[in-house]
Amino acid sequence: MPATADALARATDALAAAFDGGAPVELTADGDVLPRPEARDPRRCGDTDAVAVVRTSGSTGTPKQIVLTGTALRASAAATARRLGGEGAWLLALGVHYVAGLAVLSRSIAAGTAPVALPPGPFTPAAFATGAAALPDDASPRLVSLVPTQLARLLAADADPAGRTALRSFDRVLVGGARLDPALRAAAEAAGVRLTATYGMAETCGGCVYDGVPLPGVAAAVAPDDPDAPPRVRLAGPMVAAGYLDDPARTAAHFVPAADGARAFLTEDTGVLSPTDDGGVRLAVTGRLDDVVITGGVKVSAAAVTAVLEAHPGVAAAHVAGVPDPEWGARLCAAVVPADPASPVGENALRAHIRDALGAAAVPKTWLALDALPLLSTGKTDRQALAARFAAAG
C-alpha cells in the first residue's frame with residue numbers, strides 16, 4: 001500500500017482524473033504515479049477508454065501489463081456493490097499497484113468515498129486493528145480485501161488478539177489473490193469472520209466470482225480447446241480488461257469475443273461448473289493447465305497431488321510441480337511444510353498416502369522439506385523459486 005497518506009491521496013487523485021479523461025496511470029509499489037498515455041493506443045493493444053495499467057506478479061515467470069478501462073472498473077465496482085449489499089467503506093490493506101488494491105480505490109471513487117489505509121510499515125495484527133478503528137462509525141457495510149497470508153497472520157494463535165477482533169468487525173472480508181486453504185477458511189469462520197473467497201485476476205479487474213458464484217453480469221464457462229484437453233475456465237462480462245499492452249499475440253490468445261458481443265478472458269485455470277438452486281452456476285477451480293504433468297507417459301494432476309498432501313494431518317502446506325527430466329520426460333516433485341516441525345511425517349508415509357489415493361504414477365520422485373513455502377508479495381506461491389529448487393535437487 002502507499003507508504004504515506006500523501007502518496008495515497010496522489011494515487012487516488014490521479015486515478016480519479018484518469019476516469020474523467022486524464023492520462024491513464026500506473027500506480028507503483030513505491031507510491032509513485034506513472035503516466036501511461038500509450039495505454040489508449042489501440043495499435044499497442046490499448047483502448048481509448050483506458051484508465052490504468054497493472055503489472056502482474058509474474059508468478060509463472062511471464063509478467064504482463066494489463067490495460068484496464070474505465071468501463072471495466074466501473075462495472076466491477078457496481079457488481080461488487082450489488083453482491084455485498086452496498087458500496088460501503090473500505091479498509092485498504094493491499095498495495096495499490098496490485099489490482100485488488102487498485103480496485104479498492106476505484107470502488108471508493110465510484111462511491112464518492114475515501115478508503116482508509118493501514119498505517120505505513122509491515123502488515124501486523126496491531127496495524128490492521130488500528131486501520132479498522134479508523135473507519136467511520138456509521139460506515140455500512142464495512143469491507144476489506146486480504147490475501148490468505150494476511151488472514152493467516154491475523155488468526156495465528158500467537159497473534160495480537162486485536163487483529164482477530166478487528167476482523168470480526170467487518171461485514172465482509174474478501175480473500176483472494178491465491179488459493180485459500182480450506183482449513184484456514186474454517187478457522188476464520190470459527191472465529192466469527194464473515195468471509196468470502198474471491199476468484200479473478202487483473203484481467204477481470206480483480207475478483208469477479210464470489211464463493212464460486214459469478215458476480216452480476218459475469219458469465220463463467222468451462223470448455224476444452226480440444227477433446228483431450230482439460231476444461232478451461234472462461235470469464236466474460238463488462239469487467240474484462242482491454243488486453244496486454246504491447247503484446248498482440250498474447251492478447252489475441254486470451255481476450256476473445258463472448259457470445260453476447262462482450263469481451264471474454266480465457267484463463268490458464270481448469271474448473272467445473274455445477275447448477276445452483278436459483279438456476280445459476282457455481283464455479284469450482286480445480287487447478288491450472290500447466291498443473292498437468294506427463295511423467296513416464298502418464299498424465300498426473302499436480303493440483304490433485306497437492307490436495308492429497310495437504311489433506312494429510314501432518315502437512316501444513318505443499319506444492320507439487322513437474323520439472324524436465326531426461327528419463328521421465330517430466331519429474332514430479334513435492335515441497336512439503338510439516339504441521340509439526342518437531343515431528344515431521346516421513347517421506348515414505350507420504351508416498352504411501354499418495355499411492356493409496358491416486359496411484360503409483362502420482363507419487364513424486366523428488367521431495368523437499370521446507371519450513372515455509374516461498375511466497376510472492378501477493379501471497380501466491382513463488383512457483384518459479386520452487387521450480388529452481390526442484391531442478392537443483394535433481
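Q: Which elements each supply at least two residues of the lining of the second largest pocket?
A: In this predicted model, strand S18 (292-295), strand S20 (315-325) and helix H11 (383-393) each do so.

Q: How is the empty space found, and what volume does the second largest pocket have?
A: Rolling a probe the size of a water molecule over the atoms shows where empty space is left. Here the second largest pocket comes to about 210 Å³. Its lining has 14 residues. Asp-290, Ala-321, Gly-322, Arg-383 and Ala-387 lie nearest the centre.

Q: How do the residues of that lining divide into nonpolar, polar and charged?
A: Seven are nonpolar, four polar and three charged.

Q: In what order do the strands of the open sheet run?
A: The general idea is that in a regular strand the side chains alternate between the two faces of the sheet. In this case seven strands line up as S6-S5-S7-S8-S9-S10-S11, with mixed pairing.

Q: Why is one side of S6 and of S11 left without a neighbour?
A: Strand S6 (116-117) and strand S11 (213-214) stand at the edges, and each has a single partner strand, so one side of each has no neighbour in the sheet.

Q: Which helix packs on the sheet?
A: Helix H2 (residues 70-84) does. H2 touches strands S5, S7, S8, S10 and S11, and its direction makes about 40 degrees with that of S10.

Q: Do S8 and S9 run parallel or antiparallel, and what about S16 and S17?
A: S8 and S9 run parallel, joined by three bridges. Leu-174 stands opposite Thr-196 in S9. S16 and S17 run antiparallel, with seven bridges. They form a hairpin with five residues between them. In the turn, Gly-279 has a positive phi of about 90 degrees.

Notes:
Residues are numbered from 1 along each chain as its sequence is written. This is a predicted model: local features need pLDDT of at least 70, side-chain atom pairs count only at pLDDT 80 or more; totals for chains, interfaces and linings use all residues. Side-chain values use heavy atoms; hydrogens and water are left out. On a 1 Å grid over the protein atoms alone, a cavity is a set of points where a 1.4 Å probe fits but cannot get out, and a pocket is an open set with protein on both sides within 12 Å along at least five of seven lines; lining residues have an atom within 4 Å of a point. Grid points are joined across faces, edges and corners, and a volume is the space filled by probe spheres set on the points. Helices (H or I, at least four residues) and strands (E, at least two) are DSSP runs, numbered from the N terminus. Ala, Val, Leu, Ile, Met, Phe, Trp, Tyr, Cys and Pro count as nonpolar, Asp, Glu, Lys and Arg as charged, and the others, Gly among them, as polar. Two strands pair if DSSP finds at least two bridges between them. Contact means heavy atoms within 4.5 Å. Axes are lines fitted to C-alpha atoms, for helices over the stretch in contact, and angles run from 0 to 180 degrees between N-to-C directions.
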